[in-house]
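Work through the exercises below with the sequence and the model side by side, and try each task before you read its solution.

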Amino acid sequence: MEDLRKAYHIYLKLERGLSANSIEAYEQDLQKLITFFADPANGLTHSIQDATYDDLQAFVYQQFAHSNISNRSQSRILSGIHAYYHFLLYHRYRDDDPSQLIEMPRREVHLPETLTLDEVNRLVSAIDLSTAEGHRNRAIIEMLYGSGLRVSELVNLRLSNMYRTEQYMLIHGKGSKDRLVPISPEAEKWFTYWMEDRSHLPIQSGQEDFAFLNHNGHQLTRAMIFTIIRRLAATAGITKTISPHTLRHSFATHLLQNGADLRVIQQLLGHENITTTELYTHLDIHDLKQAILTYHPANQS
């Protein structure tokens, strides 16, 4: 079994091209199934490699029937199970896929929190440019909102992947997929100011190529970006619960509202599937509905 798990890990990493976080999640899902098969109370005498459709149905029932696991979490666990049996089929450890008929739960549509343009401006205005981190923080906001980067993409952004003359960045996204993303003129302006400040930092060995550093010359962490944004939101009087991802959502939503093509937004965000990007069309429809309820004379009391 251990050899099979190692082969599965290689399959997820090299053939599926998944990120380290996704691989860890898939392997945790597999461990849930292993634990289920190993429990004598379940009466299973064969291995998960020889699982039947009924075995997997029993596993699903045990995992989800009496729990409050969200549809999203259920989908993630089942994706892991589907991936494992597809691996076994693909590499001929099995002649069939017993997970093929296991239905995925209906995905809940959660409209992401976004900022209005006024709130974005207030967030930017809350940055104290007189501090040592002021120019850096302004450049960070401009990168997140102006280019739609994920927070992981921002903290791992390298100077060697920034083509500032051409105003493009090479971004290493989810699943080790690369994409070119424009640098907005506003982001370039504030990044130039930050580079001047950065040149005076005691940059640590091995950290020289990271675009954004802390005052000790170390790569910024995801947690630090979250803290920066939440502090700015509090200063700006923004009561919404926001995160770096809120700026990414706002980037996509504002592009869509101003007429950008959905395929262009998909490319900019690095979404593999257009269905993910279509979430923003639901958000836009929601905004239109709210506009009718608020401003149409038939709805005025």
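## Exercise 1: the surroundings of a serine

Once the neighbours within four places in sequence are set aside, Ser99 is in contact with Leu56, Ile81, His82 and Tyr85. Keep in mind throughout that this is a predicted model.

**Task.** Find where Ser99 lies, and decide whether Ser99 is buried or exposed.

**Solution.** Begin with the chain: Ser99 belongs to the loop between α4 (71-90) and α5 (117-125). Next, take the relative accessible area of Ser99, which is 1%. Because buried means under 20% relative accessible area, Ser99 counts as buried.

## Exercise 2: classifying ring pairs

**Task.** Classify the pair formed by the rings of Phe87 and Tyr93, and then do likewise for the rings of Trp194 and Phe212.

**Solution.** The structure holds 13 aromatic pairs. In the pair of Phe87 and Tyr93, the ring centres are 5.7 Å apart and the planes stand at 40 degrees. Planes under 30 degrees apart count as stacked, over 60 as edge-to-face and the rest as tilted, so the pair of Phe87 and Tyr93 is tilted. As for accessibility, Phe87 is buried, with a relative accessible area of 1%, whereas Tyr93 is partly exposed, with a value of 38%.

Turning to the second pair, the rings of Trp194 and Phe212 have centres 6.3 Å apart and planes at 10 degrees, and the pair is therefore stacked. This pair links distant parts of the chain, since Trp194 sits in helix α8 (residues 185-198) while Phe212 sits in the loop between α8 and α9 (222-236), 18 residues apart. Both Trp194 and Phe212 are buried.

**Task.** Which residues do ring pairs link into a cluster together with Phe87 and Tyr93?

**Solution.** Besides Phe87 and Tyr93, the cluster contains Tyr8, Tyr11, Tyr84, Tyr85 and Tyr90.

## Exercise 3: a charge over a ring

**Task.** Which ring has Arg158 lying over its face?

**Solution.** The ring is that of Phe210, and Arg158 lies at 4.3 Å from the ring centre.

## Exercise 4: reading a sheet

**Task.** Work out the order of the three strands in the open sheet, and state which of them are edge strands.

**Solution.** The order is β1-β2-β3, and the pairing is antiparallel. The edge strands are β1 (162-163) and β3 (178-182), each of which pairs on one side only. To follow one pairing in detail, look at β1 and β2 (residues 168-172), which run antiparallel and are joined by two bridges. Here Tyr163 stands opposite Tyr168 in β2.

Conventions:
Residues numbered from 1 in each chain as written. Predicted model: local features only at pLDDT ≥ 70, side-chain atom pairs only at ≥ 80, totals over all residues. Heavy atoms only, no water. Pairing = 2+ DSSP bridges. Helix = DSSP H or I, 4+ residues; strand = E, 2+ residues; numbered from the N terminus. Phe/Tyr/Trp six-rings, centres within 6.5 Å; stacked < 30°, edge-to-face > 60°. Buried < 20%, exposed > 50% of the residue type's maximum accessible area, 1.4 Å probe, protein only. Lys NZ or Arg CZ within 6 Å of the ring centre and 35° of its normal. Contact = heavy atoms within 4.5 Å.
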